[in-house]
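Here's a quick briefing to read with the model open beside you. Take a look at the fold before getting into the points below.

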Amino acid sequence: MRADRLNETFAALADPTRRAILSRLMAGEASVTELAEPFAMSLPAISKHLKVLERAGLIARGREAQWRPCRLEADPLREVADWVEGYRRFWEQSQERYDRLDDYLRAAQGKEPPDDQPAP
Amino acid sequence: MADLQVVADPGTHEIQITRSFDAPRELVYRAFTDPDAVRQWWGQRDNETIVDRLEARAGGQWRFVQRSQDGNEHGFHGVYHEAIAPERIVYTFEWEGMPGHVLLETVTLEEQDGKTHMTDTSVFQSVADRDGMLQSGMESGAAESFDRLDEYLAKR
């Protein structure tokens with residue numbers, strides 16, 4: 001379930017136009033016309049991208065106003081951030097673990113910490 | 001020597017870590033197999049490591065406990081399948097907080113010009129277990145990353 005959603009989120013993010021649309025929406029709500037402005041694209045082409053983003057839950061369209069403003073939705077981005085964060089931490093924990101082993105090996109060889117060592 | 005590499009291909013049962021150390025491999029081997037050495041570097045920096053058991057020989061057992069500053073204890077244990085000084089250690093690894101998820105770890109040490117190149121390969125029982133280990137920082141990290149994303153989104 002969660003993996004399916006990640007697949008959908010990453011697929012939606014794997015397009016420069018869609019990422020640019022999300023960047024624009026980080027500044028606040030916008031209409032389809034406003035979103036289309038920076039691109040040399042037809043409104044239907046932009047609408048297609050918006051549908052992909054909407055299906056992935058990355059954006060929501062307002063129901064109330066006639067111009068149906070688009071806005072950013074946090075949840076799928078949270079899942080992506082969460083997913084990446086886990087990998088980052090694993091890497092950092094591995095790094096810290098072996099940095100400690102470096103410290104031990106240095107001490108066991110009677111070496112000074114690298115910062116105190118004069119340049120060879 | 002911070003040349004750490006972590007390789008975890010999608011959909012496999014494996015994590016492979018490589019790293020070099022500025023020390024002869026006898027010493028690196030001892031760091032993995034001597035209780036007094038393990039106490040000094042194993043685990044997270046702010047935690048105390050208690051070496052309950054370390055019998056580095058085929059069929060020998062090991063058990064290390066991590067005690068955090070707030071007194072929480074996490075036990076890890078396994079069995080050595082090979083301990084060939086100074087080149088290779090093979091053992092099982094299990095976190096007692098999640099029993100039944102065992103991995104097989106092979107640490108290989110190669111020496112060149114007085115430096116040691118380590119290859120540490122862990123094979124998990126399932127892809128899900130492997131992904132779980134990769135995401136092990138997630139529980140503590142999730143809250144923090146959510147907060148940061150919240151702050152970011154609040155500014156829009």
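A residue counts as buried if 20 or more other C-beta atoms lie within 10 Å of its own, exposed if 12 or fewer, and partly exposed in between, with C-beta atoms placed from the backbone. By that yardstick, buried residues make up 21% of the 120 residues in chain A. Keep in mind that this is a predicted model: local features need pLDDT of at least 70, side-chain atom pairs count only at pLDDT 80 or more, and totals for chains, interfaces and linings use all residues. Residues are numbered from 1 along each chain as its sequence is written, while chains are lettered from A and ligands numbered from 1 in the order in which they are written.

**Chain A: layout**
- Chain A has five helices and two strands, taken as DSSP runs numbered from the N terminus (helices are H or I, at least four residues; strands are E, at least two).
- Reading from the N terminus, the order is α-α-α-α-β-β-α.

**Chain A: domains**
- An automatic or database domain assignment splits chain A into domain 1 (2-73) and domain 2 (76-110).
- The C-alpha centres of domain 1 and domain 2 of chain A sit 35 Å apart.

**Chain B: helices**
- In helix α1 (residues 25-33) of chain B, seven of the nine residues are buried, among them B:Tyr29 and B:Phe32.
- B:Gln40 belongs to helix α2 (residues 35-41) of chain B.
- B:Gln40 is partly exposed because it has 16 other C-beta atoms within 10 Å.
- B:Gln40 and B:Ile50 are ten residues apart in sequence, with 9.7 Å from C-alpha to C-alpha.
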